[in-house]
Amino acid sequence: MFTRIDHIGIACRNLDEAIRFYRETYGFEVTHEEVNEEQGVREAMLRINGTDDGGASYLQLLEPIRDDSPVAKFLERHGEGVHHIAFGTADVAEAAATVRERGVRVLYETPRNGSMGSLITFLHPKDCGGVLTELVQARTDGAPSAE
Ligand code: CMX
Ligand code: CO
């Protein structure tokens with residue numbers, strides 16, 4: 001069902017400072033930056049390695065753009081740090097349906113738009129041992145977006 005770690009999402013208060021830390025400390029470079037209004041974040045993807053399903057694994061640095069967004073709420077309660085993990089799959093709707101059948105709450109009825117044209121959904125952290133878990137179907141040419 002899942003074929004890679006797609007990314008690890010890290011909540012930060014200042015995206016530019018976080019990018020600088022990862023660049024100056026580890027030499028990681030930003031592959032992609034975008035604002036996702038629906039998710040309430042400004043984000044940077046740092047590609048770490050390719051994966052044997054033809055995809056890749058990233059760090060996703062997340063700065064909130066609204067006080068009522070999930071990342072803003074997380075920063076207020078927990079401070080900066082790891083916010084979620086994300087598994088890659090060839091079919092996010094199918095993977096979500098399978099996980100839902102196994103008793104885990106899936107947060108979206110239908111997948112939404114994620115980084116770099118991907119389709120995403122989330123699993124409730126309370127059903128996953130305290131780990132907010134995202135499912136990601138990476139964009140391939142011609143892939144439909146959720147809108
Ligand atoms: N990891 C683990 N636990 C988390 C969590 C996280 N990231 N965020 C919240 N929780 C826990 C809280 O600690 C809290 O637990 P307690 O009641 O035991 O204290 C509980 O969940 C409820 O917390 P809350 O602050 O009231 O948060 P909400 O219920 O309002 O929202 C959630 C939680 C998961 C539904 C919400 O964060 C959500 O919809 N997340 C999915 C979307 C998202 O995170 N988008 C940003 C990333 C975008 C991207 O990756 O592209
Ligand atoms: Co993510």
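Q: Two strands pair if DSSP finds at least two bridges between them; how do you know that strand E6 (residues 112–113) pairs with E7?
A: Two antiparallel bridges join E6 to E7, which meets the minimum for a pair, and asparagine 113 stands opposite leucine 119 in E7. Strands here are DSSP runs of at least two residues, helices (H or I) of at least four, numbered from the N terminus. The model is predicted, so local features need pLDDT of at least 70 and side-chain atom pairs pLDDT 80 or more, while totals for chains, interfaces and linings use all residues. Residues are numbered from 1 along each chain, chains are lettered from A and ligands numbered from 1 as written, and side-chain values use heavy atoms, without hydrogens or water.

Q: Why is glutamine 39 called buried?
A: Its relative accessible area is 12%, and buried means under 20% (exposed over 50%, partly exposed in between; 1.4 Å probe, protein chains only), so glutamine 39 is buried. This residue sits in the loop between strand E2 (30–36) and strand E3 (41–50).

Q: What makes strand E7 (residues 119–123) mostly covered?
A: Five of its five residues are buried, with Leu119, Thr121 and Leu123 on one side and Ile120 and Phe122 on the other. Five bridges also join E7, antiparallel, to strand E8 (residues 133–137), where glutamate 134 is the bridge partner of phenylalanine 122.

Q: Which residues count as donors to the cobalt ion (ligand 2)?
A: His7 (NE2), Gln60 (OE1), His84 (NE2) and Glu134 (OE) coordinate the ion at 2.0 to 2.1 Å, and donors are N, O and S atoms within 2.8 Å of the metal (3.2 Å for Na, K and Ca), so these atoms qualify, although sites may look incomplete without water.

Key:
Pairing = 2+ DSSP bridges.
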